[in-house]
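Thanks for coming. I have one structure to go through today, and I will keep to what can be read from the coordinates. Please have a look at it first.

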Amino acid sequence: IRRVNQAYVIATSTKIDISNIKVDDKLNDAYFRREKAAKVKAEASFFADPANKAPLAESKVADQKALDKDVLAAIKNEGPLLAKYLAATFSLSKGDKPHALRF
C-alpha cells in the first residue's frame with residue numbers, strides 16, 4: 001500500500017465497484033509515515049550493503065495481501081478486458097495531447 005503523488009496518476013473514466021472492500025481504520029496518515037533513521041555519515045551510507053536494508057513489517061505485508069485480494073476480485077468481476085487495460089503500458093508520443101485524450 002503506497003501513497004502516490006497525483007502528478008504520477010492518470011485520470012480515467014473507468015470505474016471499479018469497490019463498495020464491498022473493507023479498509024481498516026488503521027490505514028491513516030500515521031500508517032504511511034516513515035520511521036526516522038539514525039543519522040549516518042554520508043560515506044558510510046554510500047558504501048552500506050543494500051542487503052542489510054530493514055525488512056518490511058509483517059503486519060504491513062498482511063495488510064497489503066488482504067487489500068490486494070479484495071481489489072483483484074473486484075477487477076475480475078468487471079471482466080477480463082479491465083485487467084489487460086490496467087496492465088497495459090501507457091506512454092505519450094510526440095504530438096500527443098494528454099488533455100485531449102479520453103480513456
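Let me start with a small question: with which side chain does the side chain of Q64 make a polar contact? The partner is the side chain of D68, at 2.7 Å. Before I go further, please keep in mind that this is a predicted model.

Staying with Q64 for a moment, this residue sits in helix α3. Q64 has a relative accessibility of 24%, so it counts as partly exposed. In sequence, Q64 and R2 are 62 residues apart, yet their C-alpha atoms are 9.5 Å apart in space.

Now the overall layout. The chain has 4 helices and 0 strands, so read from the N terminus the order of elements is simply α-α-α-α. The radius of gyration is 19 Å, and the globule rule gives 13 Å for 103 residues, so this chain is more spread out than a compact globule. Along the principal axes, the C-alpha trace spans about 50 × 40 × 25 Å.

How much of the chain is buried? Buried residues account for 8% of the 103 residues. The accessible surface of the chain is about 10,000 Å², and carbon and sulfur atoms hold 55% of that surface. As for contacts, take those between residues at least 6 apart in sequence: 81% of them join residues at least 24 apart.

Next, charge pairing. In general, side chains of opposite charge can pair when their charged atoms come close. How many salt bridges does this structure hold? The count is 1. The two side chains in it are those of D63 and K26, with 3.0 Å from N to O. This pair links distant parts of the chain, with D63 in helix α3 and K26 in the segment before α1, 37 residues apart.

Are the two partners buried or exposed? D63 counts as buried because its relative accessibility is 13%, and the cut-off for buried is under 20%. K26 is at 40% relative accessibility, so K26 counts as partly exposed.

D63 has further partners. Helix α3, where D63 lies, covers residues 58–78. The side chain of D63 also makes a polar contact with the side chain of Y31, at 2.9 Å. If we leave aside neighbours within four places in sequence, D63 is in contact with I1, K26 and Y31.

Let me move to another acidic residue, D17. D17 is found in the segment before α1. Its relative accessible area is 46%, so D17 is partly exposed. The side chain of D17 makes a polar contact with the side chain of S19, at 2.8 Å. Which residues does D17 touch, not counting those up to four places away in sequence? They are A74 and E78. For a separation in the other sense, take D17 and A54: 37 residues apart in sequence, and 36 Å apart from C-alpha to C-alpha.

Last, the surface. There is a nonpolar surface patch of about 590 Å². The residues that make this patch are I10, Y85, L86, F90, L92, L101 and F103. One of them, L101, is placed in the segment after α4, the helix that runs over residues 80–87. L101 has 38% relative accessibility, so it counts as partly exposed.

To go over the main items once more: the chain is helical elements in the order α-α-α-α, with D63 and K26 meeting in a salt bridge. D63 counts as buried at 13%, and the nonpolar patch comes to about 590 Å². That is what I have for today, thank you.

Technical notes. Residues are numbered from 1 along each chain as its sequence is written. This is a predicted model: local features need pLDDT of at least 70, side-chain atom pairs count only at pLDDT 80 or more; totals for chains, interfaces and linings use all residues. Side-chain values use heavy atoms; hydrogens and water are left out. Patches are made of residues with over 30% relative accessible area and no salt bridge: like charges are joined within 9 Å, nonpolar side chains (Val, Leu, Ile, Met, Phe, Trp, Tyr) within 5 Å. Accessible areas come from the Shrake-Rupley method with a 1.4 Å probe; for residues, only the protein chains shown count as cover. A salt bridge is a side-chain nitrogen of Lys or Arg within 4 Å of a carboxyl oxygen of Asp or Glu. Helices (H or I, at least four residues) and strands (E, at least two) are DSSP runs, numbered from the N terminus. Buried means under 20% relative accessible area, exposed over 50%, partly exposed in between (1.4 Å probe, protein chains only). A polar contact is a pair of N or O atoms within 3.5 Å; within protein, one must be able to donate a hydrogen and the other to accept it, and residues adjacent in sequence count only if both atoms are side-chain atoms. Contact means heavy atoms within 4.5 Å. The radius of gyration is taken over C-alpha atoms; the globule rule is 2.2 Å times the number of residues to the power 0.38.
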